[in-house]
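Visitor: I would like a close look at one part of this structure: how its side chains are tied together. Please take me through it slowly, one pair at a time.

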Amino acid sequence: MNGSRACLEKERIGLLEFKAFMKSNCEVDDNLDSWVEDGTSDCCDWDRVTCSSTSRRVVDLSLYWVAKHSSLGITCSLNLSMFYPFEELLSLDFSNNWFNGWIDKAGSERAALGLKKLEILDLSDNSFNNSILSFVGILTSIKTLNLSGNDLVGLFPVKDLAYLENLETLEISSNEISGLSVEGFDRLSSLEKLKVVDLGENAFNTSSLSSLSCLVSLKILVLRGNNMDGRLSFKGEFLTLPSFYITCFYLML
């Protein structure tokens, strides 16, 4: 395990801690059997783990569908504190685990500060509520954020994403979001790189979307399955861009 081609020891330990946490706190669908602590196993060879071919640091974790979808609706909370060592991680997929929140908030936020290169975060098809946004807002390197299929409700707190200046794609479809919180409207302009926004299958109406005119780089806006009666009106210039595209089944333009 200490050879130059083996994965980093602190990352191996972090993965084993995550496995132990899942088995003791959740009903698991995948036992992560390749993740073994036998003194010789290289975590770069484990299922769901991808390492850099040069540094042998973990760059991708595909941890979707590790937890079992209980017929009784039983979910578990996620503990992110063991992910602090993964400074080179680029992509993290926790989709389809039905996590309902997280524990050890302080440890999880500390881990988030360590994920300085994370570009893709997929938390779709879980049971996170609006409180997850304060955690996500720490991840300033994020380019793609997927929160579709969770329990986000009411007004979406834009202010929590104000520091995600590298964000290019935001997916929050299939929630119960009715609009954008007035608090933080002035911060939308900081998302200068945001090109794709998926708001589909929520409870938006035409009047709740005018603030999106601040998104000067927006090219694709998905609005299908919302309460779109009447005309959508923006005061900004992005609707005049040749590449701008709206997909919506119930929208009059």
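Guide: Let's settle one term before we start: a residue counts as buried when its relative accessible area is under 20%, as exposed when that value is over 50%, and as partly exposed in between. Please also keep in mind that this is a predicted model. With that in hand, D30 is a good place to begin, because at 24% relative accessibility it falls in the partly exposed class.

D30 has a charged partner. Its side chain forms a salt bridge with R48, and the closest N and O atoms are 2.9 Å apart. Both R48 and D30 lie in the loop between α1 and β1, so this pair ties together parts that are 18 residues apart in sequence. The two ends sit in different burial classes: R48 has a relative accessible area of 19% and is buried, whereas D30, at 24%, is partly exposed.

A second charged pair also starts from the loop between α1 and β1. Here the side chains of R56 and D42 meet in a salt bridge, at 2.8 Å from N to O. R56 belongs to the loop between β1 and β2 while D42 belongs to the loop between α1 and β1, so the pair links parts that are 14 residues apart in sequence. R56 counts as buried, at 14% relative accessibility, and D42 counts as buried too, at 12%.

Now for the covalent ties. Which pattern do the disulfides of the chain follow? With bonded cysteines counted along the chain, they pair as 1-3, 2-6, 4-5. There are three disulfides in the structure, and I'll take each in turn.

C7 is joined to C43, with an S to S distance of 2.2 Å. The angle about the S-S bond is 140 degrees, and this link is right-handed. C7 lies in the segment before α1 (9-25) and C43 in the loop between α1 and β1 (49-51), so the bond ties together parts that are 36 residues apart in sequence. Both ends are out of reach of the probe to a great extent by the numbers: C7 is buried, with a relative accessible area of 3%, and C43 is buried, at 0%.

Next comes the disulfide of C26 and C76, whose sulfur atoms are 2.1 Å apart. The torsion about its S-S bond is about 95 degrees, so this disulfide is right-handed. C26 lies in the loop between α1 and β1, and C76 in the loop between β2 (58-62) and β3 (91-93), so the pair ties together parts that are 50 residues apart in sequence. Once more the cysteines are buried: C26 has a relative accessible area of 10%, and C76 has one of 8%.

The remaining pair is C44 and C51, joined by a disulfide with an S to S distance of 2.1 Å. Its handedness is left-handed, with -95 degrees about the S-S bond. C44 counts as buried at 11% relative accessibility, and C51 is buried at 14%. For contrast, consider another cysteine: C214 counts as partly exposed, at 32% relative accessibility.

Back to the charges for a wider view. How many salt bridges does a search of the whole structure find? It finds ten. Among them is the pair of K159 and D160, whose side chains meet at 3.3 Å from N to O. K159 counts as partly exposed, with 27% relative accessibility. Elsewhere, salt bridges that share partners join K10, E11, R57 and E87 into one network.

One last stop brings in an uncharged side chain. N226 is found in the loop between β10 (220-222) and β11 (245-247), and at 7% relative accessibility it counts as buried. What does its side chain reach? A polar atom of the N226 side chain lies 3.0 Å from the backbone oxygen of L199. The N226 side chain also reaches the backbone oxygen of L223, at 3.0 Å.

Notes
Residues are numbered from 1 along each chain as its sequence is written. This is a predicted model: local features need pLDDT of at least 70, side-chain atom pairs count only at pLDDT 80 or more; totals for chains, interfaces and linings use all residues. Side-chain values use heavy atoms; hydrogens and water are left out. A disulfide is a pair of cysteine sulfur atoms within 2.5 Å. Helices (H or I, at least four residues) and strands (E, at least two) are DSSP runs, numbered from the N terminus. Buried means under 20% relative accessible area, exposed over 50%, partly exposed in between (1.4 Å probe, protein chains only). A salt bridge is a side-chain nitrogen of Lys or Arg within 4 Å of a carboxyl oxygen of Asp or Glu. A polar contact is a pair of N or O atoms within 3.5 Å; within protein, one must be able to donate a hydrogen and the other to accept it, and residues adjacent in sequence count only if both atoms are side-chain atoms.
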